[in-house]
Amino acid sequence: AILANDKGNYEVTVRKIGDDMITLPDFKPIPAFQVEPTSDYLEGFVKKGKMTAWVSRDEHRIPLKVVSRLAVGTVSARLVKVEHVRGWSYDRERAD
């Protein structure tokens with residue numbers, strides 16, 4: 001995969017750790033791949049830690065959750081909304 005920031009483009013390689021089922025608020029359980037990214041891009045961010053990500057196990061490969069363990073603590077992010085993705089079927093129906 002290619003990631004970009006204000007300093008340029010970086011090629012990121014991911015190592016599959018396993019298969020998982022991710023449960024997030026506002027979504028039905030989502031089948032996912034658990035992966036660990038590795039590249040020069042991550043070295044400044046996770047120098048003495050580890051980053052783990054979960055991406056949907058479908059053709060969309062949507063990032064669902066990221067956890068970075070750093071020397072000073074843990075940073076995490078999760079998917080909160082999906083828009084304009086044809087065939088996405090994991091939104092939980094809401095009672096309005």
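Start with the whole protein and its contacts, where a contact means heavy atoms within 4.5 Å. Among contacts between residues at least 6 apart in sequence, 38% join residues at least 24 apart. Before you click on anything, know that this is a predicted model: local features need pLDDT of at least 70, side-chain atom pairs count only at pLDDT 80 or more, and totals for chains, interfaces and linings use all residues. Residues are numbered from 1 along each chain as its sequence is written, and side-chain values use heavy atoms, with hydrogens and water left out.

**Cartoon view**

Switch to a cartoon. You should find one helix and seven strands, and reading along the sequence gives β-β-β-β-α-β-β-β. Helices (H or I, at least four residues) and strands (E, at least two) are DSSP runs, numbered from the N terminus.

Now colour strands 3, 4, 5, 6 and 7. These five strands form an open sheet in the order 3-4-5-6-7, with antiparallel pairing; two strands pair if DSSP finds at least two bridges between them. At the edges sit strand 3 (13-22) and strand 7 (73-78), each pairing on one side only. From one strand to the next, the twist averages 20°, with axes taken as lines fitted to C-alpha atoms, for helices over the stretch in contact, and angles running from 0 to 180 degrees between N-to-C directions.

**Two strand pairs**

Select strand 3 together with strand 4 (residues 30-38). They pair in the antiparallel sense over nine bridges. Pick M21 and look across to strand 4: its bridge partner there is P31.

Next, hop to strand 6 (63-70) and its neighbour strand 7. Six bridges join strand 6 to strand 7, running antiparallel, and the two form a hairpin with two residues between them. Click V66, and you'll find its bridge partner in strand 7 is A77.

**Surface and core**

Turn on the surface. The protein exposes about 7000 Å², and carbon and sulfur atoms supply 49% of it; accessible areas come from the Shrake-Rupley method with a 1.4 Å probe, and for residues only the protein chains shown count as cover. Of the 96 residues, 32% are buried, where buried means under 20% relative accessible area, exposed over 50%, and partly exposed in between (1.4 Å probe, protein chains only).

Hide the surface and select F27, L64, L79 and W88. They have the most contacts inside the largest nonpolar core, which has 13 residues. Such a core is a set of buried Ala, Val, Leu, Ile, Met, Phe, Trp, Tyr and Cys residues joined through side-chain atoms within 4.5 Å. Strand 4 and strand 6 each supply at least two residues of this core.

Zoom in on L79. Not counting residues up to four places away in sequence, L79 touches L24, F27, I62, P63, L64 and W88.

**The ring cluster**

Finally, show F27, W88 and Y90 as sticks: ring pairs link them into a cluster. Rings of Phe, Tyr and Trp (its six-membered ring) pair if their centres lie within 6.5 Å; planes under 30 degrees apart count as stacked, over 60 as edge-to-face and the rest as tilted. By this rule there are two aromatic pairs. F27 and W88 are edge-to-face, 6.3 Å centre to centre with 85° between the planes. F27 lies in the loop between strand 3 and strand 4 and W88 in the segment after strand 7, so the pair ties together parts 61 residues apart in sequence. W88 and Y90 are also edge-to-face, at 5.1 Å and 70°.
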